[in-house]
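User: I am new to this structure and would like a close look at one part, the sheet and what surrounds it. Please take me through it slowly, with the terms explained as they come up.

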Amino acid sequence: MVYFGENWFWLFPVTSAGMGWTLYPCVQFKPKLVKYLYLIPWILYLYRPCDSTSVFKPCLAVVSRLTLPSAFTPAVILTASRLPAESTMFLVGLSGGIASGKSTVVAVLRELGCAVIDADVIAREVVQPHFKAYRQIVHYFGTEILLENGEINREALGNIIFSHPEKRQLLNSITHPEIQKEMLKQIWKYFVLGYRYVILDIPLLFETNRLTKFMKYTVLVYCDPPTQLSRLMKRNRLSQAEAEARIASQLPLDEKRKLASHVIDNSGDRESTRQQVLKLHARLEDSLDFLWARLVAGTVVAGLGGLVYLLLRRFIS
Ligand SMILES: CC(C)(COP(=O)(O)OP(=O)(O)OC[C@H]1O[C@@H](n2cnc3c(N)ncnc32)[C@H](O)[C@@H]1O)[C@@H](O)C(=O)NCCC(=O)NCCS
Ligand SMILES: Nc1ncnc2c1ncn2[C@@H]1O[C@H](COP(=O)(O)OP(=O)(O)OP(=O)(O)O)[C@@H](O)[C@H]1O
């Protein structure tokens, strides 16, 4: 059994702050799961591990001593009952169509200091030779989609998937889970770094529709269809038929704009787009919600400091 001395009550705020901090981002993703995690101390308590002499039970005793207090404190109750969405770090989903101008908008947001996670960049990373998705792609699409250096020939793969919906589906089923895992890691990184919101640039946000529920705002980078077609043909040096096939592989922009909470119209010149991005940025920044997050961070730092101090004092003396 672990004995923390007469100062054991310190553990109440300390462990709850620690657990709250650790599980804080999860609240946005799996609120129910977080609630169940808080049942663990109770289960361990009911199990009464201290009364036994078996090998596992002392370990359980340590866990229960460390986690039980957290079940009582207001901080945990608040977290478990889901903090109001406004007080947590929030996510902004940015999407558009192929060549509608997402990268152009993202460049301005990055210039303004925003944290942006780019799904297209991640999609390129997760298909590098040593990754699982690479092996699966080679398995299903064959070695003919490889370049001489062993990397995936993106042009060749693109030509296949944009003209065969079932192969596109297959590629998506291989790459999307890996992309989402990596995005989650990066969201976590920005949370730890103290960012108030993160912009997720996801071209297929509205097509897959699985992630929209986690977004506080969704932004569509729109561009009128003729402009989209001509920009795509020019940038990727595609024929009109090839460009149309790529555009047709996605939900039409006019459909997507109905689903988004904000629209940036990039049909005009870059300056007009920039002005719209500045307005959006001002809107995202215009909030004091982050004070909540800072308050929690402060509690955690103070709590953990207290715990370290107590443990050192106890074990040294
Ligand atoms: C097909 C691939 C090899 C083409 O590579 P390429 O370098 O030519 O294009 P890039 O990756 O820059 O994508 C450009 C645009 O194509 C569109 N696009 C890409 N993949 C898809 C897809 N599966 N379905 C519909 N549109 C797509 C998006 O608008 C994207 O912004 C590549 O896009 C890919 O691996 N796609 C599957 C992963 C994916 O869905 N990526 C999109 C981000 S979630
Ligand atoms: N307002 C604009 N005026 C003129 N050209 C533009 C404008 N916005 C973007 N473009 C050009 O259009 C092309 C597509 O833009 P961009 O790469 O930003 O789109 P995207 O949505 O990120 O494309 P994808 O998702 O397909 O990679 C690029 O060649 C870019 O230089």
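Analyst: What follows describes the sheet, then its core, and then the surroundings of the two ligands.

This is a predicted model, in which local features need pLDDT of at least 70 and side-chain atom pairs count only at pLDDT 80 or more, while totals for chains, interfaces and linings use all residues. Residues are numbered from 1 along each chain as its sequence is written, and chains are lettered from A and ligands numbered from 1 in the order in which they are written.

The sheet is open and is formed by 5 strands in the order E2-E3-E1-E4-E5, with parallel pairing; two strands pair if DSSP finds at least two bridges between them, and helices (H or I, at least four residues) and strands (E, at least two) are DSSP runs numbered from the N terminus. Strand E2 (115–118) and strand E5 (262–265) each have a single partner strand, so one side of each is left without a neighbour in the sheet. From one strand to the next, the twist averages 25°, where axes are lines fitted to C-alpha atoms, for helices over the stretch in contact, and angles run from 0 to 180 degrees between N-to-C directions. Strand E4 (residues 217–222) pairs with E5 in the parallel sense over 4 bridges, and Val-219 stands opposite His-262 in E5. Helix H10 packs on the sheet, where it touches E2 and strand E3 (197–201), and the direction of H10 makes about 170° with that of E2; contact between two residues means that their C-beta atoms, placed from the backbone, lie within 7 Å.

Val-219 also belongs to the largest nonpolar core, which has 33 residues, and is one of those that touch the most other members, along with Val-92, Leu-94, Ile-199 and Leu-200. Such a core is a set of buried Ala, Val, Leu, Ile, Met, Phe, Trp, Tyr and Cys residues joined through C-beta atoms within 7 Å, and a residue is buried if 20 or more other C-beta atoms lie within 10 Å of its own, exposed if 12 or fewer, and partly exposed in between, with C-beta atoms placed from the backbone. Not counting residues up to four places away in sequence, Leu-94 touches Val-105, Ile-199, Leu-200 and Val-219, among others. Apart from this core lies another of 8 residues, including Tyr-134 and Ile-174.

Leu-91, in strand E1, counts as buried because it has 21 C-beta neighbours inside 10 Å. Beyond four places in sequence, the residues touched by Leu-91 include Tyr-197, Leu-200 and Phe-214. Ala-99 lies in the loop between strand E1 (90–96) and H6, and its 24 C-beta neighbours inside 10 Å make Ala-99 count as buried as well. Leaving aside neighbours within four places in sequence, Ala-99 is in contact with Gln-228, Arg-231, Leu-232 and Arg-235.

Arg-231 and Arg-235 are also among the nearest of the 16 residues around ligand 2, together with Lys-102, Ser-103 and Thr-104; a residue counts as near a molecule or strand if its C-beta atom, placed from the backbone, lies within 6 Å of it. H6 supplies the largest share of this shell, 3 residues. Around ligand 1 there are 18 residues, with Ile-98, Ala-123, Arg-154, Gly-158 and Pro-203 the closest, and H10, the helix that packs on the sheet, gives the most to this shell, with 5 residues.
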